[in-house]
Structure formats: structure tokens, C-alpha cells
Amino acid sequence: MSLTKVELSEAEIGDLVRQAFGTAARVASVRAATEGKYNAGYYLELAGSGPARSFLKVAPPPTLPVLTYEHDLMRTEIEVMRGLAKAGVQPVPAIQAVDLSRRRVDRDCLFMAWLDGPLFSKVGPSLDLADRVELRRQVGRIAGAAHRIGAPVFGYPGQPRLQAPTWPEAFGLMIAALLDDAVRFDAVLPLPIDEIRVAFERASPLLGEVEAARLTHFDLWDSNVLVRQDADGWAVSGVIDWERAFYGDPLADVVSLTLFDSPPERAALLQGLSDGRGEAAEVSPEDERRLALYRAYLWLIMIVEAGPRGFAGSIRLPTSRAARRLIRDLAMASEAG
């Protein structure tokens, strides 16, 4: 289990519930979430006052070392979710209560609606292609609707150090912070750190055409999508974990949205993005090189975060799959610069 996923006691959960929903509220049942590798989570059935059900998400203790962009990550998620609700983007869990005081427990806490349905990652492989295609279209539509939400600056919300007036500048700050983290956590990189830095800098001209800062989930893989089956077939019941979102190039969402090899699903996804954005979503050959750059950023995150998360195994090796893909995608992107 990740070192950042620090559990609460039932007494602490009960105290948080009473603070959030009133002294009459009590926990009827609690089940720890096994999904997710960063925050602790709990499925709660409640009695007395407050909602009948809630999902409690608990950030790591602030004393634990995390990546630069992960500081106060739950506060980012809360800000983003409120923006999504204001814009009417659905289905996203509704916020029920927030406790950022760190008085009852030394961590930020978020109560949100408990959405029904299994993870897409759990049921997707067993579904018919037609069902998967329809779900991809729906996920694309939700992501596309989020892309319509803009910001005055590029970068991570709530992180002034990682924001800039242009996308190349902001992305450069994001890369620089991650490489500093690599040094801080003694990450084993597949290339010399200066070589990685130069390759990202060489590819930066690819980003110059991005003129508007748009909300980008960037963690929208199948384990952050809930689905359900009803009389009309399979449908998306929720898109979760917006904590790693940034304001930047919405094309970056295609990275995690296409972690599959199926032309019909990719076509449905792009159609959904077009429907959600209200404008065509196409991927040109030049876009493919930008996607390689964003994939390289994702692989680098996966390598560097292994240290503070306490992960062992092949991810810590310079020959890991993430390391090999970092080399491949960084070469593809930097050659285009």
C-alpha cells in the first residue's frame, strides 16, 4: 500500500461525520476503499442527520513528503469539483461537506456523494465492443464538457509556483519541479537528468499553438470512471479523482483516455470529445507528437512518485516499462522540436 494512504480509526471517522453533518449523525457502517493509491477513502452508511450514504476522502498527513505539485492536492480537487458543478458538468460526485481545519485529524477531508457502479477498469474487459464504444463516447463527452472550463493562467490550480501566462512556460515549470523532485527523492532515471531536461526543452515549441488554458483531468483512465448497467444498457455513472487536473492543453487528456488499442473505441472517444466541447476534436500528426510529450511527462511522474509512495518492484528500475516508454516518447517529441 502507498505510504501516503494513511488510514483513520473508526472513532476519528465518527468525529468527522458529526462535525460535517451534525451531532445527531452517526456511522452505521464503514468500508475502506481498496481503490486509489494516494488518499485514504471510506464508503459510509450514515444514520441520524445528514445523507444516508457518503464517500469520505482523506488526504495524506501534511508531514509526509510528496511531489511538488501534490501539495494541498485535495484543495485543488475541491476547487475543480466546485467549478465543474457550477458549469453543470455531469456525472461528477457532489460535494457534501469539507473539513480543511485539520483540527479533528491532521489532514484535509472531503465528503462527497457515493456514486453507484463498478469501475470501468473492472468490467470493461468483459463487455462487448459495442458497449465499450458507447462508454468511451460518454467519457469523451464528459471530458469535452470539462474542457470548456477555462482559467486566466496555465498550470496547476492552487499552485502559483506552477502557473504561467503561457502554456510553454507553465509546462516548463511543471517539468522543472518534477525533475527537482527526482533529485530530492533520489529517483533512478533511465537517462541523465540534464539529458531529460534538454529533451523537454527541445520539444517545447510544440506547445506554442495552445492559446487558451482549459481544464484537463490528466488522470482519466478507466479506474477513475464508474459505470452502471440499466434497462438501456451501460452508462457512465461518475468521473472521479479530479485532484491532478490542470489548466492547459486539453489534448493531454487523450493520453489517459486512450490507454487501449481499439480504433472503434478511439473514434468514439474523439466523437464524444467533439460533442462535449462543441467543436471538432481531431488528432493530427503534429498532435501525435504533442501527445508523446504529455505521455513522457506521465511516465516521468510514475517513475519519480515511486519513491515517496514507497513502491518497490520494477517501477524503480531504469529498465521498467515506464522508463522504456519515457525514452521512446521523449525522443519522438523532442525530434519534432
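Six nonpolar residues, one polar and one charged: that is how the lining of the largest cavity divides. You have a predicted model open, so treat each stop as a look at a prediction.

**Stop 1: the largest cavity**

Select Ala187, Val188, Ile303, Val304, Ala306, Gly307, Ile315 and Arg316, the residues that line this cavity. How much space lies in there? About 40 Å³. The structure holds two cavities of 30 Å³ or more, and the other one is the next stop.

**Stop 2: the second largest cavity**

Now switch your selection to Thr68, Tyr69, Leu162, Met174, Ala177, Leu178, Asp181 and Tyr297, which line the second largest cavity. About 30 Å³ of space lies inside. The lining residues divide into six nonpolar, one polar and one charged. Which helix gives the largest share of this lining? Colour helix H5, residues 167-184, and you have it: H5 supplies four of the lining residues.

**Stop 3: H5 against H9**

Keep H5 on screen and add helix H9, residues 285-309. Two packed helices are described by the angle between their axes and the distance between the axes. For this pair, the angle is about 25° and the axes sit 10 Å apart. Angles under 35 degrees count as roughly parallel, and H5 and H9 are therefore roughly parallel to each other. Their crossing is left-handed.

To see the contact itself, show side chains on both helices. On H5, pick Trp167, Phe171, Met174, Ile175, Leu178, Leu179, Asp181 and Ala182. On H9, pick Leu293, Tyr294, Tyr297, Leu300, Ile301 and Val304. By class, this contact has 13 nonpolar residues, no polar ones and one charged. Some names should ring a bell: Tyr297 of H9 is in this contact and also lines the second largest cavity, while Val304 of H9 is in the contact and also lines the largest cavity.

**Stop 4: the second largest pocket**

Leave the cavities and go to an open site. The second largest pocket has a volume of about 480 Å³. Which of its 22 lining residues should you centre on? Try Asp249, Pro250, Arg277, Glu279 and Arg290, the closest to the pocket's centre.

Then bring up helix H8, residues 263-277, together with H9, as each supplies at least two residues of the lining. H8 makes the largest share, with three residues. Finally, colour the lining by class: 10 residues are nonpolar, two are polar and 10 are charged.

Terms used. Residues numbered from 1 in each chain as written. Predicted model: local features only at pLDDT ≥ 70, side-chain atom pairs only at ≥ 80, totals over all residues. Heavy atoms only, no water. 1 Å grid on protein atoms, 1.4 Å probe; cavity = no way out; pocket = protein on both sides within 12 Å on 5 of 7 lines; lining within 4 Å. Points joined across faces, edges and corners; volume = space filled by probe spheres on them. Nonpolar A, V, L, I, M, F, W, Y, C, P; charged D, E, K, R; others polar. Axes fitted to C-alpha atoms, helices over the stretch in contact; angles between N-to-C directions. Parallel < 35°, antiparallel > 145°, perpendicular 65-115°, else oblique. Left-handed = near helix turned anticlockwise from the far one by under 90°. Contact = heavy atoms within 4.5 Å.
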